[in-house]
Amino acid sequence: MNPRRGFFRNVLGLGTGIAASQLATAQQAAPRSGSGVSPAVTTLDVADLPFTIDNGVKVFNLVAEPVKQTIIPGPMGRTFDLWGFNGSAPGPTIQANEGDRVRIVFDNHLPEPTGIHWHGLELPIEMDGVPGIGQKPIMPGERFIYEFALHQNGTFFYHPHMAMQEMVGLLGGFIIHPKTAYAPHVDKDYLIALQEYAVLPNSSIPNSMSMEFNWLTFNGKAGPASTPMVIREGERVRIRFINMGMDHHPIHLHGFTFWETGREGARQQESAWTRGNTTLVGVAQARDIEFVADRVGDWMLHCHLPHHMMNQMASNVGPMTRVGRGMQAGAGMPEGMGMLRDGNATSENRGPSLGRGLGVGSSADMPMSNGPLSQAEANKAMANMPGMDHANMPGMSGMTMPKLPENAEKVPLFPQDAFMEGEMMAMDKDVNKPETTGLPPGWSGFVGGMMTLVRVMQAEQYDKIMNLKAQQTKGSGPQ
Ligand SMILES: [Cu+2]
């Protein structure tokens with residue numbers, strides 16, 4: 001494929017939602033070299049941070065602030081109160097080139113002091129962003145100007161150097177393109193930020209004290225709201241992952257064996273590349289993978305921790321489906337962290353959730369598994385959740401509860417996924433976008449948490465989706 005054509009296609013794809021004047025700067029972000037060009041990195045569902053140039057310095061404006069982040073849209077969806085940057089959590093991606101000098105004008109619109117750390121960058125101590133050590137804390141309403149030269153290249157990120165703030169959304173990608181484009185050339189280059197939240201069913205605020213999480217996100221969206229990657233058959237693809245949370249995520253790709261080509265430090269030399277289909281993205285780490293998408297299909301890309309492939313799951317978050325039982329609220333820090341208050345692990349007073357819980361739903365209250373225990377209970381629960389009443393949802397009336405054997409509940413371990421995953425959980429319409437065109441009806445009921453799709457398609461279908469995207473962009477104009 002002509003790499004230049006690929007480059008412009010990517011630049012245009014990136015232009016969705018940014019003004020034409022900024023397009024020029026996005027173009028400049030990708031250096032040329034004899035071996036080809038580095039495509040601009042696409043952070044699906046998250047914008048890029050625009051910049052201006054002042055005397056050769058790239059100037060970015062970054063604002064930390066409370067944000068409303070829609071994790072999943074629609075009547076079954078959730079919007080959380082998070083702290084993010086420039087309107088989103090994660091914040092917009094910074095893209096620059098090796099050799100650039102950057103100035104980041106940072107405004108603290110949070111109600112508490114902070115400082116922004118440029119994770120992995122080699123820079124002067126006073127630019128390292130650790131409040132109380134290298135710099136004074138940046139107080140609410142204050143501005144601090146970071147300025148430094150970039151002599152590295154690779155996948156980096158930015159976050160406050162305040163532990164609890166890291167847990168409520170404050171993270172963003174920082175991509176430094178190399179002076180000479182990496183070889184072999186890639187046609188598509190994506191960034192996926194991994195974040196997790198513990199949010200009770202009746203709340204919009206994550207419990208940053210929790211050790212267990214029920215909302216797992218790629219770029220601020222839980223499946224099926226994460227926008228799929230759309231790839232033309234034969235393209236070489238790079239996906240970069242960054243992780244800021246409490247858990248390490250084993251990210252697994254279906255259908256392809258990739259090369260792990262980069263880590264948080266830098267791109268690896270080729271002799272150090274390793275083959276795999278799962279890469280463990282540890283907390284504070286970055287991992288880059290590359291593969292040639294030579295097999296058509298809608299391939300899963302997901303964290304393989306089972307609880308991270310679902311939405312709303314946590315030990316005994318019962319009241320959502322067990323209507324009428326009530327919920328313990330206002331638990332203190334020991335309960336929230338699942339600590340023992342007194343006695344021992346087998347005493348009556350075990351704390352609400354035997355460790356690592358969300359801090360609700362004591363195991364004494366609910367000595368049973370998650371979810372409804374029978375079809376009758378499930379139907380009752382559905383009736384109490386208007387958002388899930390598919391009979392009354394436009395376009396969803398075809399989706400019903402699955403027909404199960406009458407004696408299903410006599411089988412030990414039933415139910416597992418029967419009422420948690422499947423067509424009755426589908427929300428195709430709510431997450432419909434050009435990139436989902438042609439997926440089987442009900443697909444969205446099988447995609448949750450840290451799950452998305454790598455859709456590899458033949459040229460005709462690929463062009464059709466690109467046209468739909470172009471029309472959408474034209475229709476909506478700059479956002
Ligand atoms: Cu995970």
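Reader: Where is the place of P90?
Author: Start with the chain around this proline, in what is a predicted model. The strands on either side are β5 and β6. P90 has its place in the loop between β5 and β6.

Reader: What is omega for the peptide bond from A89 to P90?
Author: Most peptide bonds are trans. The bond from A89 to P90 is cis. Its omega is near 5 degrees.

Reader: Which residue does a cis peptide bond join to A183?
Author: The bond in question has omega of about -5 degrees. The partner of A183 lies in the loop between β11 and β12. A cis peptide bond joins A183 to P184.

Reader: How many residues of strand β6 are buried?
Author: β6 covers residues 91-97. The strand is mostly covered. Of its seven residues, the number buried is six.

Reader: In which sense do β6 and strand β11 pair, parallel or antiparallel?
Author: Strand β11 spans residues 172-177. N97 has H177 in β11 as its bridge partner. Over five bridges, the sense of the β6 and β11 pairing is parallel.

Reader: Is F80 buried or exposed?
Author: F80 sits in strand β5, residues 78-85. The cut-off for burial is 20 or more other C-beta atoms within 10 Å. F80 has 21 C-beta neighbours inside 10 Å, so it counts as buried.

Reader: What distance separates the C-alpha atoms of F80 and I205?
Author: Along the chain, F80 and I205 are 125 residues apart. F80 also touches residues beyond four places in sequence, including Y197, V199, S204 and P206. The C-alpha atoms of F80 and I205 are separated by 6.0 Å.

Reader: Which strand gives the largest share of the core?
Author: The largest nonpolar core has 84 residues. W83, I192, L194 and F241 touch the most other members. The largest share, six residues, comes from residues 188-197, strand β12.

Reader: Which residues does F241 touch, not counting residues up to four places away in sequence?
Author: F241 is one of the core residues that touch the most other members. Its contacts include two others from that group, I192 and L194. The full list for F241 is I192, L194, I251, V281, A286 and R287.

Reader: What is the order of the open sheet of six strands?
Author: The pairing in this sheet is mixed. The edge strands are β13 (215-218) and β18 (274-276), each pairing on one side only. From one strand to the next, the twist averages 30 degrees. The order is β13-β12-β15-β20-β17-β18.

Reader: Which residue in β20 stands opposite I242?
Author: Strand β15 (residues 236-243) pairs with strand β20 (residues 286-292). The sense is antiparallel, over seven bridges. Opposite I242 in β20 stands A286.

Reader: Which are the edge strands of the open sheet of five strands?
Author: The order of this sheet is β14-β22-β21-β16-β19, with mixed pairing. An edge strand here pairs on one side only. The two edge strands are β14 (229-232) and β19 (278-281).

Reader: How many bridges link β14 and strand β22?
Author: β22 covers residues 451-457. I231 stands opposite V456 in β22. The two strands pair in the parallel sense, and the number of bridges is four.

Reader: What is phi of N55?
Author: Most residues other than glycine have a negative phi. N55 lies in the loop between β3 (51-54) and β4 (57-72). N55 counts as exposed because 7 other C-beta atoms lie within 10 Å. Its phi is positive, at about 55 degrees.

Reader: Is L413 buried or exposed?
Author: L413 is in the loop between α5 (375-383) and β22. Phi of L413 is positive as well, near 85 degrees. L413 has 6 other C-beta atoms within 10 Å, so it is exposed.

Reader: Over which residues does pLDDT stay under 50, with 98 contacts beyond four places in sequence?
Author: The mean pLDDT of the protein is 81, and 72% of its residues reach 70 or more. Where pLDDT is low, the predicted coordinates should not be read in detail. One stretch under 50 is 386-398, with 16 contacts beyond four places in sequence. The stretch with 98 such contacts is residues 314-371.

Note on methods. Residues are numbered from 1 along each chain as its sequence is written. This is a predicted model: local features need pLDDT of at least 70, side-chain atom pairs count only at pLDDT 80 or more; totals for chains, interfaces and linings use all residues. Two strands pair if DSSP finds at least two bridges between them. A residue is buried if 20 or more other C-beta atoms lie within 10 Å of its own, exposed if 12 or fewer, and partly exposed in between; C-beta atoms are placed from the backbone. A nonpolar core is a set of buried Ala, Val, Leu, Ile, Met, Phe, Trp, Tyr and Cys residues joined through C-beta atoms within 7 Å. Two residues are in contact if their C-beta atoms, placed from the backbone, lie within 7 Å. pLDDT is the predictor's confidence in each residue, from 0 to 100. Axes are lines fitted to C-alpha atoms, for helices over the stretch in contact, and angles run from 0 to 180 degrees between N-to-C directions.
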